[in-house]
Amino acid sequence: MTTETHVLRPHRHLLASGVIAALALTTPLFAVAYWLTIGSGGWQITLAVHVLVAVVAILAVLQFRRTKVVVSPEGVRERGFLGRVSEIPEREIGALCLVEIYRDNALDTQPNLFILDRAGVPSIRLRGQYWSRADMEDLADVLDRPLVSPEESVTLSELRSTQPGWLYWFERIPLLTWM
């Protein structure tokens, strides 16, 4: 087990992609809204909505920057994007399971690291969309726990039928994963 603290952060490109997408969506909308309201005198409402959207965007960026996984001698603590904190003490960590899950409608896979407690219940999950494989493997090295990895990649449906407790609530409902 590590004697120092390691901090893992999600992929940086996600923040840039989110900011670019938000700007691409809001810039034309607000440009048209200003163009339509400046002449009629209702531009103050547009400005107020624009400021509100900017504040929400800034809060989202701050939340993203606060998202992290901290590995310390005491255990592992994950702070998710929406502020949810999950932690597992070092003495409770059983094994680490790295599962390759096929992406929806694609032939490639993404790694998913499940940190299991001694009873085999997942406490923390790192998904490949947000965390790098190198970070997942480093986490296993730092924790000095066995990294179990099934030989075959699985689909979300297969994981849903074999290990439903490992998935988030919305992944357990097939209709929601198609949306």
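**Group meeting: a first look at the chain**

The accessible surface of the protein chain comes to about 11200 Å², with 62% of that area belonging to carbon and sulfur atoms, where areas come from the Shrake-Rupley method with a 1.4 Å probe and, for residues, only the protein chains shown count as cover. Please keep in mind that this is a predicted model, in which local features need pLDDT of at least 70 and side-chain atom pairs count only at pLDDT 80 or more, while totals for chains, interfaces and linings use all residues. Residues are numbered from 1 along each chain as its sequence is written, and side-chain values use heavy atoms, with hydrogens and water left out.

Turning to the fold, the chain has five helices and eight strands, taken as DSSP runs numbered from the N terminus (helices H or I, at least four residues; strands E, at least two). With a radius of gyration of 21 Å, well over the 16 Å that the globule rule gives for 179 residues, the chain is more spread out than a compact globule; the radius is taken over C-alpha atoms, and the rule is 2.2 Å times the number of residues to the power 0.38.

As for the interior, the largest nonpolar core has 18 residues, of which V69, V76, I115, L126 and L139 touch the most other members. Such a core is a set of buried Ala, Val, Leu, Ile, Met, Phe, Trp, Tyr and Cys residues joined through side-chain atoms within 4.5 Å, buried meaning under 20% relative accessible area with a 1.4 Å probe, protein chains only. The helix α3 gives the most to this core, with five residues.

Key. Buried < 20%, exposed > 50% of the residue type's maximum accessible area, 1.4 Å probe, protein only.
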